[in-house]
Amino acid sequence: MSGHNRWTKIKRQKEAMGASKGKLFTKLIKEITVAARLGGGDPAGNARLRAAILAAREANMPGDNITRAVKKGTGELEGVHYEEVTYEGYAPGGVAVLVECLTDNRHRTAGDVRATFSKGGGNLAAEGSVAWSIQLKPGPTEDRVMDAALEAGADDVVPQGTDGFEVRTDPAALHHVAGALERAGLPVGEQRWIYVPQNTVKVEGDGAKRVVKLLELLEDNDDVQNVWANADISDRDLEALGAS
């Protein structure tokens, strides 16, 4: 899973800086719009919207874009009605994949995702085929972070090398834990819900290349918000694939 997490982080960084920045903004605007529609336009009382706006700011999205997306969600401005849909499938090598989408046409998206799985050497599976547990990832010494996080109610703290720490907790406690860390003087990066697999599948060499290719094909779909997989890919293989 560490390899897949690193690949996802690298991809987001490249999107924020490169030619695909527009595609990243489209995904972020969709999330802000849906979050505002479901929970209201006040970030203080809407944890999902608060996290979406934070992600948009970290991607350097202009404030006007964020404001318009919120107003479209609350109905102050005319906008598209997006539906949340999740698909499950398998990549080459038996790697489980979960695809989160926001779409204005469920049938189109289902067909596109199915075709992408086939093109990438995988297959779409029935709902419930992929068993996952969901935990938080928001994005000092380890002891200090550990003490503050556990005192705030976090479940675990996982060192991420030179990238800091990954703090995991129940989704309902996400923003409470993040706030406690900030009050303790610890800078907190990205705050969002992620899927964490109960087991992983190690893929190497050509197998890793095929899995990453499928994940990238899925991510390229405008309706796809997030792609999660239980692939265990080494940093060496990621570097060989040119992902680092």
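This is a short selection tour of the sheet, the helices on it and the nonpolar cores.

Before you click: the model is predicted, with local features needing pLDDT of at least 70, side-chain atom pairs counting only at pLDDT 80 or more, and totals for chains, interfaces and linings using all residues. Numbering starts from 1 along each chain as its sequence is written, and side-chain values use heavy atoms, with hydrogens and water left out.

**Stop 1: the sheet.** Select β3, β1, β2 and β9 (strands are DSSP E runs of at least two residues, helices H or I runs of at least four, numbered from the N terminus). In that order these 4 strands make an open, antiparallel sheet; pairing takes at least two DSSP bridges between two strands. β3 (123-125) and β9 are the edges, each with a single partner strand, so one side of each has no neighbour in the sheet. Now zoom in on Val99: its bridge partner in β9 is Val227.

**Stop 2: the helices.** Show residues 21-39, helix α2, which packs on the sheet and touches β1, β2 and β9. α2 makes about 100 degrees with β9, while α5 lies across β1, β2 and β3 at about 15 degrees to β1. Angles run from 0 to 180 degrees between N-to-C directions of axes fitted to C-alpha atoms, for helices over the stretch in contact.

**Stop 3: the core.** Pick Val95, Val97, Val99, Phe117, Val203 and Leu218, which have the most contacts inside the largest nonpolar core, of 24 residues. Such a core joins buried Ala, Val, Leu, Ile, Met, Phe, Trp, Tyr and Cys through side-chain atoms within 4.5 Å, buried being under 20% relative accessible area with a 1.4 Å probe, protein chains only. α8 gives the largest share, 6 residues.

Definitions and conventions:
Buried means under 20% relative accessible area, exposed over 50%, partly exposed in between (1.4 Å probe, protein chains only). Contact means heavy atoms within 4.5 Å.
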